[in-house]
Amino acid sequence: MKKNIFFLFLFTSILVNAQSYVLSGKVVDENKEPLVGATVFVSNLTKGTSTNSDGKFQLKLPKGTHKIEVSYLGFRTGFFNQKIQKNETIVVELFSDLSKLDEVLVSAVRVKSDAPVTHSN
């Protein structure tokens, strides 16, 4: 009987410590427009997801503090720590990363009108 109680106690303590919670949220730009396909990555767990067509995401995470990285093409990557003790809902705002690029000129000349390849002089 004592062995059964010990194993029952051990099993329930493992279940309590292994609880996971849902971190859900929305990724938006500075105009509060949703960012479709933004990447949400938990670096200390190497776990991540991307946002849906409404800019929303969901991640199942264990209890604790997690390093979250949110990125999207053309925007500065956001880094923050999120403490998870219950199901959480957050809004992440990313800011535009304006970079002025130089002009690119692409030109090509056909060798012959029936040749399928091009070359550049």
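This passage describes the two sheets, the nonpolar core and a few individual residues of a predicted model. Local features were taken only at pLDDT of at least 70 and side-chain atom pairs only at pLDDT 80 or more, while totals for chains, interfaces and linings use all residues. Residues are numbered from 1 along each chain as its sequence is written, and side-chain values rest on heavy atoms, with hydrogens and water left out.

We can start with the sheet that holds E1. Strands here are DSSP runs (E, at least two residues) numbered from the N terminus, and two strands pair if DSSP finds at least two bridges between them. An open sheet of 3 strands has the order E4-E1-E7, and its pairing is mixed. Strand E4 (56-62) and strand E7 (88-93) are at the edges with a single partner strand each, so one side of each lacks a neighbour in the sheet. On average, neighbouring strands of this sheet are turned by 25 degrees against each other, direction ignored; axes are lines fitted to C-alpha atoms, and angles run from 0 to 180 degrees between N-to-C directions.

Strand E1 (residues 20-28) and E4 run antiparallel and are joined by 7 bridges. Within this pairing, leucine 23 has leucine 59 of E4 as its bridge partner, and lysine 26 has lysine 56. In a regular strand the side chains alternate between the two faces of the sheet. E4 shows such an alternation: Phe57, Leu59 and Leu61 point to one face and are buried, whereas Lys56, Gln58, Lys60 and Pro62 point to the other and are not. Buried means under 20% relative accessible area, exposed over 50%, and partly exposed in between (1.4 Å probe, protein chains only).

The other sheet is also open, with 4 strands in the order E3-E2-E5-E6 and antiparallel pairing. Here E3 and strand E6 (78-84) take the edges with a single partner strand each, so one side of each is left without a neighbour in the sheet. The twist averages 25 degrees from one strand to the next. E2 is joined to E3 by 4 bridges, and the two run antiparallel; valine 40 stands opposite threonine 49 in E3.

The largest nonpolar core (buried Ala, Val, Leu, Ile, Met, Phe, Trp, Tyr and Cys residues joined through side-chain atoms within 4.5 Å) has 17 residues, and Leu23, Val27, Val40, Val70 and Leu94 have the most contacts inside it. At least two residues of this core come from each of E1, E2, E4, strand E5 (64-71) and E7. Apart from its neighbours within four places in sequence, valine 70 is in contact (heavy atoms within 4.5 Å) with Val27, Thr39, Val40, Thr77, Gly78, Phe80, Val92 and Leu94.

A charged residue in strand E7 also deserves a look: glutamate 88. Glutamate 88 is buried yet has no salt bridge, and the nearest side chain of opposite charge, lysine 86, is 4.8 Å away. A salt bridge needs a side-chain nitrogen of Lys or Arg within 4 Å of a carboxyl oxygen of Asp or Glu; Lys and Arg count as positive and Asp and Glu as negative, with His and the chain ends not counted. Not counting residues up to four places away in sequence, glutamate 88 touches Val22, Leu23, Ser24, Gln82 and Lys83.

Finally, two loop residues have a positive phi although neither is a glycine. Lysine 32, with a phi of about 65 degrees, lies in the loop between E1 and strand E2 (39-42) and counts as exposed because its relative accessibility is 53%. Threonine 46, at about 45 degrees, belongs to the loop between E2 and strand E3 (47-50) and is exposed, with a relative accessible area of 65%.
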